[in-house]
Amino acid sequence: MSSSSSSGQLHSSSSELDLDRPNIEDYLPSGTSIQQEPHGKLRLRDLLDISPILTEAAGAIVDDSFTRCFKSNPPEPWNWNVYLFPLWCLGVVIRYLVLFPLRVLVLTIGWIIFLSSFIPVHVLLKGHDKLRRKLERSLVELICSFFVASWTGVVKYHGPRPSMRPKQVFVSNHTSMIDFIILEQMTAFAVIMQKHDGWVGLLQSTILESVGCIWFNRSESKDREIVAKKLRDHVQGTDNNPLLIFPEGTCVNNHYTVMFKKGAFELGCSICPVAIKYNKIFVDAFWNSRKQSFTMHLLQLMTSWAVVCDVWYLEPQNLKPGETPIEFAERVRAIISARAGLKMVPWDGYLKHSRPSPKHRERKQQSFAESVLRRLEEK
Amino acid sequence: MGSASSMLTQYDIEEVQEHCNQIFSQQEIVSLYQRFCQLDRNAKGFISADEFLSVPEFAMNPLSQRLLKMVDGLNFKDFVAFLSAFSAKASMQQKIEFIFKVYDSDGNGKVSFMDIVEVLRDLSGSFMSDEQRENVLCQVLQEAGYSRESYLMLDDFIKILGSPALKMEVEVPVD
C-alpha cells in the first residue's frame with residue numbers, strides 16, 4: 001500500500017524534468033511488482049538468500065528482451081546448393097549492375113523534377129499561401145513515391161486513407177526512417193522526428209519544414225518543451241497537415257514494440273493508429289543506426305530485390321473516461337502490436353542511448369527494505 | 001552467407017564444456033557464444049563493465065556493481081563457468097558456493113559480519129540506515145546461534161541455505 005503513495009510522489013517531483021520520459025514501472029503489468037510477499041518471521045536464511053536477485057541478474061546476462069528489440073536479423077541463406085548458387089550469383093549481378101543503376105537514375109530524375117518545381121513554387125507563390133501549401137504537399141508526396149520506387153517498394157495499404165482534419169494525431173510503430181517515406185507518399189504528414197546530421201538533416205530543415213514537420217534533439221531537455229508547445233499549436237490548426245508521431249522514439253526491429261512516449265496521448269486528440277509490418281523476404285528493413293548510417297541503409301535497400309510491407313490504417317481511438325494517458329498509450333500500442341504481429345515489451349527505447357535512472361534500482365531496494373523491516377516485527 | 005567469425009569448432013566447444021564440468025550442452029554453449037559476441041560489441045574477447053550495463057535489466061539489479069567485479073574482463077570460457085552455477089544441472093553445493101563468493105568480496109574464504117552488512121547495503125540502499133541493518137543482522141544471527149564476531153564459512157552457508165533447496169535457475173535459450 002505504501003508503495004503506491006510513494007510512486008505518486010515520484011511523479012510530481014520529476015514531471016518537470018522528464019516531460020516525455022516514461023516511467024518503466026507505470027508500464028509494467030501491476031502483477032509483477034506485487035510479487036507474492038514472503039511472510040513469517042525473518043530468519044538468517046531469508047537475509048542471506050540472495051538467489052532470486054542473482055537469478056534475475058544472470059537471466060539478464062544470458063538473454064534480455066531489451067537487446068532483442070534492436071537486434072538486426074541476418075537474412076536466411078538460401079544459396080546453399082549447387083543449383084541455387086549460380087542463380088544467386090546471377091541475382092547479385094542483376095541487383096547490383098542492372099537494378100541499382102536503374103534505381104539511382106529513377107531517384108535522380110525524381111529529384112530533378114522535384115527541385116525544379118519545388119523551388120519556383122516556394123519562391124514565386126509567396127503571397128498565395130493556400131495554393132503554395134497544396135502544391136508543396138503534393139510535391140513532397142511525389143518525391144516520396146520516387147523514393148519508394150527506388151527500392152521497388154511493394155506496399156499494401158489497408159483501411160481508409162487518412163483525411164485532413166484538426167485534432168487528430170497519427171501514431172505508428174517505427175522500424176526505419178523509410179516508415180516515414182512510405183506513409184508520406186500517400187498523405188503529406190507533418191512528422192515529429194529526431195534531428196539528424198548530414199544530408200538528411202539538410203532535407204529536414206529545408207523541404208520537410210514546409211510541410212510542417214517538427215524536429216527535436218533527443219538529448220536536449222529544452223527541446224522537449226518547445227516540441228510539446230509546437231505540437232499543441234499544430235493540432236489546433238485546420239489547414240495543417242495531419243500530424244504523424246512515432247511514439248517509440250527509436251527504431252525497433254519490427255518484431256517488438258517498446259513503450260510509447262505519452263506525449264502524443266496527452267494532446268486531447270483522436271489517435272489514429274497505423275501499423276507497419278515489413279516482410280523480410282528480400283531485405284531486413286530495420287535501420288540499426290548503431291551499425292550503419294542512413295545512406296548505407298538506403299543503399300542496402302536499393303540493392304535488394306524489393307521492400308515488401310503492409311500498412312494498416314486502424315480505427316481512431318479516443319481517451320476513455322477515467323483513463324490515464326499512459327493507459328491510453330498502452331491500449332493503442334496493444335492495437336498496433338496485435339495488427340502487425342509484434343510483441344510488446346515494457347522497455348523505454350531511450351535506454352539505447354542512456355542508462356536506466358537509479359530510480360528503478362531504488363524501487364527494488366525500497367521493497368526489499370520494507371519487507372525486511374515488516375517481517376522483523378512479525379512474531 | 002553464414003557468419004564465419006562467430007563459429008566455434010567442436011574442439012572449442014568441448015574445451016569450454018570441460019571448463020564448466022559438462023554443465024552446459026553443446027547447443028547451449030553455442031547460444032551463449034552468440035550472446036557473448038553480441039554483448040562484446042567491438043569483439044575484444046571480453047565484455048567490459050560498460051557493455052554489461054548496457055543491458056537495462058542488469059543495470060537495474062541492486063547487486064550489479066558487486067557482480068560486475070566478478071564478471072569484468074572474463075573471456076568466454078570463464079564467462080560460461082560463471083554462468084554454470086545457474087544451470088539446472090549445477091549442484092546445490094555449486095550454487096551455494098557462488099552465493100558465498102558474492103558475499104566474500106575479499107576472497108579470504110570466510111564471511112564476516114561487515115561482509116553481510118555490505119551486501120545488505122546494496123540490497124536496501126537508502127531505505128534502511130546502517131544502524132537498522134546491523135541491528136537486523138545481529139538479531140537474526142543470534143537467533144541462528146551465531147554472534148556478531150563469528151565468521152561464516154562455506155559449510156555454514158550450506159547448512160543455512162541448503163535445505164529446503166534454493167531455486168536459482170536460468171535457462172539458456174536454444175533455438
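Helices here are DSSP runs of H or I, at least four residues long, numbered from the N terminus. The model is predicted. By this assignment, Gly341(A) falls just after helix 13 of chain A, where it takes a positive phi of about 70°. Helix 13 itself covers residues 325-340, 16 residues in total. From its first C-alpha to its last it reaches 22 Å, close to the 22 Å expected at 1.5 Å a residue. Its buried residues include the nonpolar Ile326(A), Phe328(A), Ala329(A), Val332(A), Ile336(A) and Ala340(A). Glu330(A), Arg331(A), Arg333(A) and Ser337(A) of this helix are buried as well.

Two further residues take a positive phi without being glycine. Most residues other than glycine have a negative phi. Asn254(A) has a value of about 70°. This residue sits in the loop that links strand 5 (243-245) to strand 6 (256-257) of chain A. Asn254(A) is buried, because its relative accessible area is 1%, below the 20% cut-off. Asn21(B) has a positive phi of about 55°. Its loop lies between helix 1 (10-19) and helix 2 (26-39) of chain B. Asn21(B) reaches 60% relative accessibility and therefore counts as exposed, the threshold being over 50%.

Chain B contains ten helices and zero strands. Its elements accordingly read α-α-α-α-α-α-α-α-α-α from the N terminus on. The C-alpha trace of chain B spans about 65 × 30 × 25 Å along its principal axes. Of its 175 residues, 46% count as buried. Among contacts in chain B with a separation of 6 or more, 58% join residues 24 or more positions apart. The accessible surface of the chain comes to about 8,700 Å². Carbon and sulfur atoms hold 49% of that area. Chain B carries 15 positive and 27 negative charges, and the mean positions of the two sets are 2 Å apart.

Helix 7 of chain B (residues 92-103) has twelve residues. It reaches 17 Å from first to last C-alpha, close to the 16 Å expected. Buried positions in this helix are Lys95(B), Ile96(B), Phe98(B), Ile99(B), Phe100(B), Val102(B) and Tyr103(B). Their cover draws on both chains. From chain A it includes helix 4 (44-48) and helix 5. From chain B it includes helix 5 (64-71), helix 6 (76-84), helix 8 (113-124) and helix 10 (154-162).

The largest nonpolar core holds 73 residues. Within it, Leu54(A), Phe58(B), Leu137(B) and Phe157(B) touch the most other members. Helix 5 of chain A (residues 51-62) gives the largest share of this core, seven residues. Apart from this core lies another, of 62 residues, among them Val191(A), Ala285(A), Leu301(A) and Leu351(A). Leu54(A) touches Phe98(B), Ile99(B) and Val102(B), among others. These three residues are buried in helix 7 of chain B. Leu63(B), Leu67(B), Phe86(B) and Met168(B) are also among the contacts of Leu54(A).

Leu135(A) lies in helix 8 of chain A (residues 129-150). With a relative accessible area of 34%, Leu135(A) is partly exposed, since that term covers values between 20% and 50%. Leaving aside residues up to four places away in sequence, Leu135(A) touches Val121(A) and Leu125(A). The C-alpha atoms of Leu135(A) and His122(A) are 9.1 Å apart, and the two residues are 13 apart in sequence.

Technical notes. Residues numbered from 1 in each chain as written. Chains lettered and ligands numbered in written order. Predicted model: local features only at pLDDT ≥ 70, side-chain atom pairs only at ≥ 80, totals over all residues. Heavy atoms only, no water. Helix = DSSP H or I, 4+ residues; strand = E, 2+ residues; numbered from the N terminus. Buried < 20%, exposed > 50% of the residue type's maximum accessible area, 1.4 Å probe, protein only. Contact = heavy atoms within 4.5 Å. Expected span 1.5 Å × (residues − 1). Core = buried A, V, L, I, M, F, W, Y, C linked by side-chain atoms within 4.5 Å. Areas by Shrake-Rupley, 256 points an atom, 1.4 Å probe, with all protein chains shown as cover. Lys, Arg positive; Asp, Glu negative; His and termini not counted. Charge placed at Lys NZ, Arg CZ, Asp CG, Glu CD.
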